[in-house]
Amino acid sequence: MLDAKRDLQKTSELLFVHRNTVRHRLKRISEISGCNLLNYDECFACYLACIAYRLIN
């Protein structure tokens with residue numbers, strides 16, 4: 001989502017899925033993680049956490 005500058009349409013195009021699919025997945029991820037991905041600061045923190053996890057493993 002950050003790669004597409006938080007634009008749902010661009011994100012859906014990059015993932016080759018419908019915009020509503022992206023919205024649903026973001027909602028599910030938010031429910032599971034407790035992180036509000038529509039909030040820029042929380043989204044960025046989750047993004048950095050994913051990068052750190054990839055580097056460690």
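These are my notebook entries on a predicted model of one chain.

**Ground rules**

I number residues from 1 along each chain as its sequence is written. Since I'm working from a predicted model, local features need pLDDT of at least 70 and side-chain atom pairs count only at pLDDT 80 or more, while totals for chains, interfaces and linings use all residues; side-chain values use heavy atoms, with hydrogens and water left out.

**Entry 1: the overall layout**

I started with the secondary structure and got three helices and zero strands. Read from the N terminus, the order is α-α-α. Helices here are DSSP runs of H or I with at least four residues, strands are runs of E with at least two, and both are numbered from the N terminus. I then boxed the C-alpha atoms along the principal axes, which gave roughly 30 × 20 × 20 Å.

Next I checked burial: 19% of the 57 residues in the chain are buried. My cut-offs are under 20% relative accessible area for buried, over 50% for exposed, and partly exposed in between, with a 1.4 Å probe and protein chains only. I also looked at contacts, meaning heavy atoms within 4.5 Å. Of the contacts with a separation of 6 or more, 24% come from residues 24 or more positions apart.

**Entry 2: helix α1**

I went to α1, residues 8-15, and found Leu-8, Thr-11 and Ser-12 buried. Looking down the α1 axis, I see the buried residues within an arc of 100°, so they line one face of the helix. The arc is taken from the directions that run from the helix axis to the C-beta atoms. Part of the cover over those buried residues comes from α2 (19-33).

At the N-terminal end of α1 I found a cap: a side-chain oxygen of Asp-7 sits 2.9 Å from the backbone nitrogen of Gln-9. For polar contacts I accept N or O pairs within 3.5 Å; within protein, one atom must be able to donate a hydrogen and the other to accept it, and sequence neighbours count only if both atoms are side-chain atoms.

What comes right after α1? Phe-16 does, and its phi is positive, near 60°. I made a note of Phe-16 since it is not a glycine, yet has that positive phi. Phe-16 belongs to the loop between α1 and α2, and is exposed at 77% relative accessible area.

**Entry 3: helix α2**

I ran a length check on α2: its 15 residues at 1.5 Å a residue should span 21 Å, and the end C-alpha atoms are 21 Å apart, which agrees. The expected span is 1.5 Å times one less than the number of residues.

Which residues of α2 are buried? I got Val-22, Leu-26 and Ser-30. Down the α2 axis they fall within an arc of 70°, so they line one face of the helix. The buried residues of α2 pack against α1. On the other side of α2, I listed His-24, Lys-27 and Ile-32 as exposed. Gly-34 follows the helix, with a positive phi near 80°.

**Entry 4: the core**

I pulled up the largest nonpolar core and counted five residues: Leu-8, Val-22, Leu-26, Cys-35 and Leu-37. A nonpolar core is a set of buried Ala, Val, Leu, Ile, Met, Phe, Trp, Tyr and Cys residues joined through side-chain atoms within 4.5 Å. I followed Leu-37 further, leaving out residues up to four places away in sequence, and it touches Leu-26, Ile-29, Ser-30, Cys-43 and Cys-46.

**Entry 5: the cysteines**

I found one disulfide in the structure, counting cysteine sulfur pairs within 2.5 Å. Cys-35 and Cys-46 form it, with their sulfur atoms 2.5 Å apart. The torsion about the S-S bond is about 140°, so I logged the disulfide as right-handed. Cys-35 is in the loop between α2 and α3 (40-56) and Cys-46 is in helix α3, so the pair ties together parts eleven residues apart in sequence. Cys-35 is buried at 10% relative accessible area, whereas Cys-46 is partly exposed at 23%.

Cys-43 is in no disulfide, and its nearest cysteine sulfur, that of Cys-46, is 6.9 Å away. I have Cys-43 down as buried at 7%. Cys-50 is in no disulfide either; its nearest cysteine sulfur is that of Cys-46, 6.8 Å away. Cys-50 is partly exposed at 46%.

**Entry 6: a spot on α3**

Last, I looked at Ala-45 in helix α3, which is partly exposed at 44% relative accessible area. Ala-45 and Arg-25 are 20 residues apart in sequence and 18 Å apart in space, C-alpha to C-alpha.
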